[in-house]
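Got your viewer open? Let's walk through this model one selection at a time.

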Amino acid sequence: MSAATLRILGIDPGLRVTGFGIIEQSGQKLAYVASGCIRSGEGELPQRLKVLLEGLQEVIAGYQPHCAAIEQVFVNVNPKSTLLLGQARGAAICAAVGSALPVAEYTALQVKQAVVGGGHARKEQVQAMVRRLLQLPGDPSPDAADALACAICHAHGGKGYGGVGLGRRRRAGRLR
């Protein structure tokens, strides 16, 4: 890995399944390193959060990323689900920060805009574009694809597909 290469850990937080994806960025070139899922299993919430925390710490220790990018929580219809997702996200952030990684946060809209070119893309579209951008032999699992997409979004500087900035105003999904 050269000095100009940045290794990015993308995280798609979830209480049952947390996806992770690691890419390397050298200039404009992106390369796949690894991806997978950490499954918390059944049981009490504190134990499940511990599984996620330790799983991500293991990924970080094994792959030595330079930074992390994590998807922000959206407010769900079910407040209990939103709270549980927020706790899983907190465990993921603690794993990164505890390993001295800077953490960037992106909304699902930003991630989809950066990878697919549209903020309301379906999961299958995200998987297909991640496969194409990273030249993978097949589609990654949905959770791993979302994590890789988050890393790709960070590599693009949080900008949309083709370098279109995300800070601009939108109406009905179109940039103005």
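Start by selecting glutamate 24 and arginine 7. The two form a salt bridge, and their closest N and O atoms are 2.4 Å apart. Keep in mind as you look that this is a predicted model. Which strands hold the two partners? Glutamate 24 is in strand S2 (residues 17–26) and arginine 7 is in strand S1 (residues 5–12), so the pair ties together parts that lie 17 residues apart in sequence. Now switch on a surface: are these two residues buried or exposed? Both glutamate 24 and arginine 7 are buried.

Stay in strand S1 and click on threonine 5, which has its place there. Threonine 5 counts as buried, because its relative accessibility is 9% and the cut-off for buried is under 20%. Add serine 26 to your selection: a polar contact of 2.8 Å joins its side chain to that of threonine 5. What else does threonine 5 touch? Leaving out residues up to four places away in sequence, threonine 5 touches Glu24, Gln25, Ser26 and His66. You've already met Glu24, as the salt-bridge partner of arginine 7.

Time to zoom out and colour by secondary structure. How many helices and strands are there? The protein has five helices and seven strands. Follow the chain along its sequence and you'll read the pattern β-β-β-α-β-α-β-α-α-α-β-β. Of the 176 residues in the protein, 43% are buried. Among contacts with a separation of 6 or more, 55% are between residues 24 or more positions apart.

Next, select helix H1 (residues 45–63) and helix H2 (residues 79–98). Their axes come within 8 Å and cross at roughly 35 degrees. The crossing of H1 and H2 is right-handed. To see who meets whom, show the side chains on both helices. On the H1 side you'll find Leu45, Leu49, Leu52, Leu53, Leu56, Gln57 and Ile60, and they meet Leu84, Gln87, Ala88, Ala91, Ala92, Cys94, Ala95 and Ala96 in H2. What classes of residue make up this contact? Between H1 and H2 there are 13 nonpolar residues, two polar ones and no charged ones.

Charged residues do turn up elsewhere in H1, though. Pick glutamate 54 and lysine 50: their side chains meet in a salt bridge at 3.6 Å, N to O. Why are they about one helical turn apart? Because glutamate 54 and lysine 50 are four residues apart in helix H1. Both ends of this bridge are partly exposed: glutamate 54 has a relative accessible area of 40%, and lysine 50 has one of 39%.

For the last stop, go to lysine 123 and aspartate 146. These two form another salt bridge, with closest N and O atoms 2.3 Å apart. The pair links distant parts of the chain, with lysine 123 in helix H4 (residues 123–133) and aspartate 146 in helix H5 (residues 142–155), 23 residues apart. Turn the surface back on and look at each end. Lysine 123 is partly exposed, with a relative accessible area of 43%, whereas aspartate 146 is buried, at 11%.

Want to keep exploring? The protein's salt bridges come to six. Among them are the glutamate 24–arginine 7 pair, the glutamate 54–lysine 50 pair and the lysine 123–aspartate 146 pair.

Methods
Residues numbered from 1 in each chain as written. Predicted model: local features only at pLDDT ≥ 70, side-chain atom pairs only at ≥ 80, totals over all residues. Heavy atoms only, no water. Axes fitted to C-alpha atoms, helices over the stretch in contact; angles between N-to-C directions. Helix = DSSP H or I, 4+ residues; strand = E, 2+ residues; numbered from the N terminus. Left-handed = near helix turned anticlockwise from the far one by under 90°. Contact = heavy atoms within 4.5 Å. Nonpolar A, V, L, I, M, F, W, Y, C, P; charged D, E, K, R; others polar. Salt bridge = Lys/Arg side-chain N within 4 Å of Asp/Glu carboxyl O. Buried < 20%, exposed > 50% of the residue type's maximum accessible area, 1.4 Å probe, protein only. Polar contact = N/O pair within 3.5 Å; in protein donor to acceptor, adjacent residues only side chain to side chain.
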